[in-house]
Amino acid sequence: MPDDLADEFGEYAHEELLQALVLRLLTSADLDELCDDADLPQLTHDDGLPVTITSARTYRDAGVLTLDRGVWLELSDGSVFGLTVQISRRPRSEVTLRRR
């Protein structure tokens, strides 16, 4: 594994990559645009304005004495969602990281 990628993603590359990917996907556009792209209904406030993601951050521990990683999303309607990246099996052979 190249040293710069090993430093960036560490020993748990699968978890780190999936965590970064989820964060990127959920913050790449406004929530209403993401819903449109996925052909899902939009969340809206009472006044008809779309609910937005006000904060998104990664975490390294789900708070339940595990090493699970994930993403916390805070929405403009006051709700908070935790999306956990849980690995149930590791690869059987060596996996390397590379940038395209």
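**Exercise 1.** Does Ala29 count as buried, partly exposed or exposed?

*Solution.* The model under study is predicted. First, locate the residue: Ala29 belongs to the loop between H2 and helix H3 (31–37). Next, take its relative accessibility, which is 23%. Buried means under 20% and exposed over 50%, so Ala29 counts as partly exposed. Finally, consider a distant partner in sequence: Ile53 is 24 residues apart from Ala29, and the C-alpha to C-alpha separation in space is 9.6 Å.

**Exercise 2.** Determine the surroundings of Gln19 and state with which backbone atom its side chain pairs.

*Solution.* Gln19 sits in helix H2 (residues 13–27). Its relative accessibility is 4%, so Gln19 counts as buried. With neighbours within four places in sequence left aside, the contacts of Gln19 are Thr58, Tyr59, Arg60, Arg69, Gly70, Val71 and Val85. One of these, Tyr59, offers its backbone oxygen, which the Gln19 side chain reaches at 2.7 Å.

**Exercise 3.** Classify the aromatic pair found in a search of the whole structure, and identify the elements that it ties together.

*Solution.* The search of the whole structure yields one aromatic pair. The ring centres of Tyr59 and Trp72 are 5.4 Å apart and the planes stand at 40°, so the pair is tilted. Tyr59 is in strand E1 (residues 53–59) and Trp72 in strand E2 (residues 69–75); the pair therefore ties together parts that are 13 residues apart in sequence. As to accessibility, Tyr59 is buried, at a relative accessible area of 8%, whereas Trp72 is partly exposed, at 29%.

Methods:
Residues are numbered from 1 along each chain as its sequence is written. This is a predicted model: local features need pLDDT of at least 70, side-chain atom pairs count only at pLDDT 80 or more; totals for chains, interfaces and linings use all residues. Side-chain values use heavy atoms; hydrogens and water are left out. Helices (H or I, at least four residues) and strands (E, at least two) are DSSP runs, numbered from the N terminus. Buried means under 20% relative accessible area, exposed over 50%, partly exposed in between (1.4 Å probe, protein chains only). A polar contact is a pair of N or O atoms within 3.5 Å; within protein, one must be able to donate a hydrogen and the other to accept it, and residues adjacent in sequence count only if both atoms are side-chain atoms. Contact means heavy atoms within 4.5 Å. Rings of Phe, Tyr and Trp (its six-membered ring) pair if their centres lie within 6.5 Å; planes under 30 degrees apart count as stacked, over 60 as edge-to-face and the rest as tilted.
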